[in-house]
Amino acid sequence: MIRTRPELWISLIFPEASQHHLDLFCQWLFWAFLVDDEFDDGPAGRDPLMCEAAITRLVDVFDGAEPRGPMEQALAGLRERTCRDRSPQWNRQFRRDTAAWLWTYYAEAVERAAGQVPSRADFVKHRRDSVAMQPFLDLHEITAGIDLPDSARSLPAYIALRNAVTDHSGLCNDICSFEKEAALGYEHNAVRLIQRDRGSTLQEAVDEAGIQLARIAERVVRAEKELIEEIDAAGIGSTTRAALERCVQDYRGLVRGDFDYHARAERYTRPDLVELDARNSMSRYFAA
């Protein structure tokens with residue numbers, strides 16, 4: 001976690017966050033990275049039954065079940081401090097995005113057990129949830145002081161903007177994580193899938209991924225423009241308009257902050273530091 005530097009990522013993507021929000025969001029990210037390492041690298045991500053049981057428990061705790069063990073207790077505390085003052089529509093969105101992210105680990109565990117790898121098209125859809133950016137886009141509303149109504153969340157360009165931001169983060173992460181994940185035999189990585197699909201060298205796959213990353217950045221810009229047009233076309237009122245404009249203003253900086261983070265955190269710049277032995281036992285933090 002020291003090499004992961006969650007505080008760096010949060011401060012780069014939410015540069016105007018208050019100290020209270022910085023602390024809360026860093027704790028969410030710290031918790032999410034523990035989950036990610038457990039299911040990507042550990043035995044729970046290679047045993048569908050173990051994975052199903054663990055994810056079911058986490059989602060149940062998010063929905064209010066009594067927590068057991070450190071990870072569940074941490075989740076319950078985070079949920080309470082984050083959700084208690086938010087609107088029903090925000091809580092629905094945050095719950096959906098968080099649960100969708102958690103269940104991607106089960107999907108990957110099943111595919112591993114079946115000896116399958118996803119197609120590149122299917123992986124793009126899967127990665128949109130598995131990168132866990134969507135819940136942090138929800139958290140952005142807290143630090144931005146906004147709360148979007150369901151009508152705003154349903155605007156096609158708003159959905160497209162969120163998807164483009166999320167896709168950029170997922171692909172950037174895959175490019176920077178490839179060496180670490182290759183050492184662990186982890187196949188759910190866009191660079192690895194390009195390499196398998198094309199029969200190309202690693203460098204060729206990385207180059208193609210870089211081209212795709214630039215195209216996603218163009219999607220961000222296009223969605224920004226289309227969202228402004230849709231706000232006008234829908235006759236959206238001043239409060240919601242200002243909230244959506246705040247998203248347009250902040251999301252591009254969020255993309256840049258995420259990109260800069262991957263170039264600075266040792267989790268990605270030092271793949272030689274991967275802890276291979278961590279795969280041998282279920283983390284004590286997940287023990288009930």
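Aspartate 250 and arginine 246 form a salt bridge in which the closest N and O atoms lie 2.6 Å apart. This is a predicted model, and the pair makes a friendly starting point for a walk through it. The two residues sit four residues apart in helix H12 (residues 238–262), so about one helical turn separates them. Their surroundings can be described by accessibility. Aspartate 250 has a relative accessible area of 18%, and because buried means under 20%, aspartate 250 is buried. Arginine 246, with a relative accessible area of 22%, is partly exposed.

Salt bridges also connect separate helices. Aspartate 97 pairs with arginine 162, and here the closest N and O atoms are 3.1 Å apart. Since aspartate 97 belongs to helix H5 (residues 88–114) and arginine 162 to helix H9 (residues 156–183), the pair ties together parts that are 65 residues apart in sequence. Aspartate 97 and arginine 162 are both buried. These two residues also belong to a wider group, for a network of salt bridges links Arg96, Asp97, Asp129, Asp138 and Arg162.

A further example joins arginine 198 to glutamate 208, with 2.8 Å between the closest N and O atoms. Arginine 198 lies in helix H10 (residues 190–198) and glutamate 208 in helix H11 (residues 202–234), 10 residues apart, and the pair links distant parts of the chain. The partners have contrasting settings: arginine 198 is exposed, at a relative accessible area of 52%, whereas glutamate 208 is buried, at 15% relative accessibility. For the structure as a whole, the count of salt bridges comes to 28.

Attention now turns to the nonpolar residues. The largest nonpolar core contains 68 residues, and Trp28, Trp31 and Val165 have the most contacts inside it. Helix H2 (residues 19–41) provides the largest share of this core, namely 10 residues. Tryptophan 28 is worth a look in the 3D view. Leaving aside residues up to four places away in sequence, tryptophan 28 touches Phe62, Leu75, Leu78, Arg79, Thr82, Phe94, Phe136 and Leu139. There is also a second, separate core of 12 residues, with Phe123, Cys172, Ala209 and Leu213 among them.

Helix H2 is also the place of histidine 21. With a relative accessibility of 18%, histidine 21 counts as buried. Ile142 and Thr143 are the residues that histidine 21 touches, again without counting those up to four places away in sequence.

What about the spaces between the atoms? Rolling a probe the size of a water molecule over the atoms reveals where empty space is left. A search of the whole structure finds two cavities of 30 Å³ or more. The largest cavity has a volume of about 360 Å³. It is lined by 26 residues, and those closest to its centre are Phe33, Asp36, Val131, Asn173 and Tyr268. Several helices take part in this lining: H2, H5, H6, helix H7 (133–144), H9, H12 and helix H13 (266–269) each supply at least two residues. By character, the lining of the largest cavity divides into 13 nonpolar, five polar and eight charged residues.

The second largest cavity has a volume of about 70 Å³. Its lining is made up of Trp28, Trp31, Ala32, Phe94, Thr98, Trp101, Ala132, Pro135, Phe136 and Leu139. Helices H2, H5 and H7 are the elements that give two or more residues to this lining. Nine of the lining residues of the second largest cavity are nonpolar, one is polar and none is charged. Some names here are already familiar: Phe94, Phe136 and Leu139 are among the residues that tryptophan 28 touches.

Pockets complete the picture. The second largest pocket holds about 290 Å³ of space. Of the 16 residues that line the second largest pocket, Arg120, Val124, Leu171, Ala190 and Gln212 lie nearest its centre. Helix H6 (120–130), H9, H10 and H11 each supply at least two residues of this lining, and H6 gives the most, with five residues. The lining of the second largest pocket comprises eight nonpolar, two polar and six charged residues.

Technical notes: Residues numbered from 1 in each chain as written. Predicted model: local features only at pLDDT ≥ 70, side-chain atom pairs only at ≥ 80, totals over all residues. Heavy atoms only, no water. Salt bridge = Lys/Arg side-chain N within 4 Å of Asp/Glu carboxyl O. Buried < 20%, exposed > 50% of the residue type's maximum accessible area, 1.4 Å probe, protein only. Core = buried A, V, L, I, M, F, W, Y, C linked by side-chain atoms within 4.5 Å. Contact = heavy atoms within 4.5 Å. 1 Å grid on protein atoms, 1.4 Å probe; cavity = no way out; pocket = protein on both sides within 12 Å on 5 of 7 lines; lining within 4 Å. Points joined across faces, edges and corners; volume = space filled by probe spheres on them. Nonpolar A, V, L, I, M, F, W, Y, C, P; charged D, E, K, R; others polar.
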